[in-house]
Every structure is written in structure tokens, then in C-alpha cells.
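Visitor: I am new to looking at protein structures, and I would like to take a close look at a single part. Could you walk me through one helix and whatever surrounds that helix?

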Amino acid sequence: LTAEHHPAAFAHAMVNMLPLHLALEHQTTHEAVALRVVELTAQHHPAAFARSRGDGWLAIHAALFYQAGQPAVALRVVELTAEHHPAAFGHGWHLPVHVALRYLPAGAP
């Protein structure tokens with residue numbers, strides 16, 4: 001419903017405590033929730049894959065943060081970054097692809 005009524009929320013900061021971010025925070029063991037947020041971020045705000053955390057806690061960052069250690073979520077972020085903003089692989093810290101890799105546990109595929 002957030003995607004349907006307020007797709008811009010996927011590019012908002014977590015400081016606003018939007019319903020989207022609260023859903024992520026309280027579903028920390030459900031990677032399906034985070035994956036859906038990542039997919040909808042790609043659909044509604046693909047530019048988010050090239051934005052840094054310095055721009056605020058984007059939905060994609062919140063999904064990664066609350067799903068720390070979930071390889072499926074991190075992998076999808078990396079794939080979507082490659083699709084939407086391949087230049088982001090050469091950019092600085094705090095971009096979604098870097099955050100995805102940083103939160104993975106040692107030995108993750």
C-alpha cells in the first residue's frame with residue numbers, strides 16, 4: 001500500500017519513521033519483507049541505488065540494516081545496483097552495494 005499510495009516514501013529518510021521503515025524494523029527475521037522493499041525501491045526509485053547513506057536512511061538501507069546477515073537480501077541489492085547504477089560499484093562508502101556487503105557475515109556465499 002505504501003508503494004501504491006506514496007511511492008516517494010521509498011526514497012525518504014528513516015528519521016521520519018514512515019510505516020515502511022516501521023514494517024522493516026519489526027520484521028527483522030523475515031527476509032521476504034526486506035526483499036519486497038528492495039524490489040519496490042528499484043521499481044519506484046532506482047536512483048536510490050546510487051545514493052549514499054549520507055542522503056538519509058533510504059528504504060533500501062533500512063532493509064539492509066534490519067536484515068543484517070541475510071545473503072538473499074544483499075545479493076538482490078548488488079544485482080539491482082548493477083542493473084540500475086553500475087557506476088555505483090566504483091563510488092565511495094555507504095552506497096547500497098557497500099552496505100549490502102558490509103553486513104554479510106563471514107563466510108557468506
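Guide: Let's start with the buried residues of H3, which are Ala-34, Val-37, Val-38, Leu-40, Thr-41 and Ala-42. Keep in mind as you look that this is a predicted model. The cover over these buried residues of H3 includes helix H1 (2–5), H2, H4 and H5.

Next, check the length of the helix. H3 has 14 residues, and at 1.5 Å a residue they should span 20 Å; the C-alpha atoms at its two ends are 20 Å apart, so the expectation and the model agree.

Now turn to one partner, H4. Two packed helices are described by the angle between their axes and by the distance between those axes. Here, helix H3 (residues 31–44) packs against helix H4 (residues 59–66) at an angle of about 160 degrees, and their axes are 9 Å apart. Because angles over 145 degrees count as roughly antiparallel, H3 is roughly antiparallel to H4. The crossing of H3 past H4 is left-handed.

Which residues make the contact? From H3 come Ala-34, Val-37, Val-38 and Thr-41, while H4 brings Ala-59, Ile-60 and Ala-63. Sorted by character, the residues of this contact are six nonpolar and one polar, with no charged ones. You can look back at Ala-34, Val-37, Val-38 and Thr-41 here, since they are also among the buried residues of H3.

H4 itself is mostly covered, with seven of its eight residues buried. Those are Ala-59, Ile-60, His-61, Ala-62, Ala-63, Leu-64 and Tyr-66. Among what covers them are helix H2 (19–25), H3, helix H5 (71–84) and helix H6 (96–102).

From there you can follow the chain to two histidines. His-85 lies in the loop between H5 and H6. With a relative accessible area of 25%, His-85 is partly exposed. Leaving aside neighbours within four places in sequence, His-85 is in contact with Pro-46, Ala-47, Phe-49, Ala-50 and Leu-80. Take Pro-46 from that list: Pro-46 and His-85 are 39 residues apart along the chain, yet their C-alpha atoms are separated by 8.1 Å.

The other histidine, His-98, is found in helix H6. Its relative accessibility is 18%, so His-98 counts as buried, the cut-off being under 20%. Leaving aside neighbours within four places in sequence, His-98 is in contact with Ala-88, His-91, Gly-92 and Trp-93.

Conventions. Residues numbered from 1 in each chain as written. Predicted model: local features only at pLDDT ≥ 70, side-chain atom pairs only at ≥ 80, totals over all residues. Heavy atoms only, no water. Axes fitted to C-alpha atoms, helices over the stretch in contact; angles between N-to-C directions. Helix = DSSP H or I, 4+ residues; strand = E, 2+ residues; numbered from the N terminus. Parallel < 35°, antiparallel > 145°, perpendicular 65-115°, else oblique. Left-handed = near helix turned anticlockwise from the far one by under 90°. Contact = heavy atoms within 4.5 Å. Nonpolar A, V, L, I, M, F, W, Y, C, P; charged D, E, K, R; others polar. Buried < 20%, exposed > 50% of the residue type's maximum accessible area, 1.4 Å probe, protein only. Expected span 1.5 Å × (residues − 1).
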